[in-house]
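Open the structure in a viewer with a cartoon display and keep the selection tool at hand. The stops below are meant to be followed in order.

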Amino acid sequence: MKEIANREPANRESHRRSPPFSPGSGALRYNSLVRVLVVEDEPALREHLVAALGGAGYAVDAAADGERADFLGQTEEYDAVILDLGLPKVDGLTLVRRWRDAGLAVPILVLTARGAWHEKVQGIDSGADDYVGKPFRMEEVLARLRALIRRATGQLGGELRCGELVLDPRSARVTRNGVPVKLTSHEYRVLAYLMHHRGRVVSQTELSEHIYAQDLDRDSNTVEVFIARLRRKVGAATIETVRGLGYRMEGGA
Ligand code: CA
């Protein structure tokens with residue numbers, strides 16, 4: 001019973017299955033390129049957050065203690081972290097300080113105990129970007145997360161560049177040397193994901209998880225098909241195959 005004491009009534013909207021992707025429509029296009037880490041030791045609350053974020057189209061990883069969170073935060077690339085402060089092994093404030101000291105700029109939304117104003121002050125002072133007090137409404141967490149990610153990506157200018165390719169996530173348009181490239185929704189997703197993570201190797205499994213984020217029938221083999229089609233449209237050399245590991249696009253200007 002204690003486990004669900006903090007849990008707010010489920011928000012139907014946030015649990016609703018997202019509509020299928022299509023370029024130029026809706027928030028899923030944007031969310032599906034965003035990877036979020038949820039750090040919460042209370043199982044029911046953690047699952048609630050993971051389900052709501054997944055339902056909103058984010059790719060979500062979860063950690064139940066500070067040690068695991070520290071490992072994931074320092075080895076994986078997240079676009080945002082939702083971090084409970086009271087955690088086993090390593091507490092949330094220590095994590096925020098450690099990550100900031102290590103130069104990690106990932107936006108952090110901390111979850112604080114109700115009425116614990118000192119936690120909010122300490123969280124912000126330590127380098128967190130925003131906070132939500134428990135118990136919270138899921139809508140508020142999602143809205144604050146959207147705002148954090150908007151701010152972070154706004155600083156990057158939005159457009160992704162790689163050699164002669166330019167991808168604008170807001171309009172879902174791709175140009176090569178200034179000429180529009182016509183892509184299907186799946187091709188767009190693959191390209192957008194690779195460009196979003198340019199400079200590092202992305203495995204087939206990771207790609208299939210992201211392009212089929214809301215589907216049940218994932219098939220990593222079809223990734224090869226999309227890559228082959230993409231290469232014909234954007235230039236064979238643009239997407240490098242890293243044997244046995246996956247694909248990579250070079251970091252552009
Ligand atoms: Ca806790």
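The tour goes from a sheet to its helices, then to the cores and a set of hairpin strands. Bear in mind that this is a predicted model.

**The parallel sheet**

Select strands β1 to β5. They form an open sheet in the order β2-β1-β3-β4-β5, with parallel pairing. At the edges are β2 (59-63) and β5 (130-133), each of which pairs on one side only. From one strand to the next the twist averages 20 degrees.

Now restrict the selection to residues 35-39 and 80-84. These are β1 and β3, a parallel pair with 4 bridges. Show leucine 37 and look for its bridge partner in β3: this is valine 81.

**Helices on the sheet**

Add residues 92-101, which are helix α5. This helix packs on the sheet, where it touches β3 and β4 (108-112). The direction of α5 makes about 150 degrees with that of β3.

Next, add residues 117-126. This is helix α6, which lies across β4 and β5 and runs at about 160 degrees to β4.

**The cores**

Which residues touch the most other members of the largest nonpolar core? Select Val36, Val39, Ile82, Leu83 and Leu109: these are the ones, in a core of 37 residues. The elements giving two or more residues to this core are β1, α3 (43-55), β2, β3, α5, β4 and α7 (138-155). Of these, α7 gives the most, with 6 residues.

Center on valine 36. Leaving aside neighbours within four places in sequence, valine 36 is in contact with Leu53, Tyr58, Val60, Tyr78, Asp79, Ala80 and Ile82.

Then move to Leu191, Leu194, Val202 and Leu230. They are among the members of a second, separate core of 22 residues.

**The antiparallel strands**

Select residues 160-162 and 165-168. These are strands β6 and β7, which run antiparallel and are joined by 3 bridges. Cysteine 162 has leucine 165 in β7 as its bridge partner. The hairpin has 2 residues between the strands, and glycine 163 takes a positive phi near 60 degrees there.

Add residues 173-176 for strand β8, which pairs with β7 in the antiparallel sense over 4 bridges. Here leucine 165 stands opposite arginine 176.

Finally, show the side chains of β7. Which of them are buried, and which are not? Leu165 and Leu167 point to one face and are buried, whereas Val166 and Asp168 point to the other and are not. In a regular strand, side chains alternate between the two faces of the sheet.

Terms used: Residues are numbered from 1 along each chain as its sequence is written. This is a predicted model: local features need pLDDT of at least 70, side-chain atom pairs count only at pLDDT 80 or more; totals for chains, interfaces and linings use all residues. Two strands pair if DSSP finds at least two bridges between them. Axes are lines fitted to C-alpha atoms, for helices over the stretch in contact, and angles run from 0 to 180 degrees between N-to-C directions. Two residues are in contact if their C-beta atoms, placed from the backbone, lie within 7 Å. A nonpolar core is a set of buried Ala, Val, Leu, Ile, Met, Phe, Trp, Tyr and Cys residues joined through C-beta atoms within 7 Å. A residue is buried if 20 or more other C-beta atoms lie within 10 Å of its own, exposed if 12 or fewer, and partly exposed in between; C-beta atoms are placed from the backbone.
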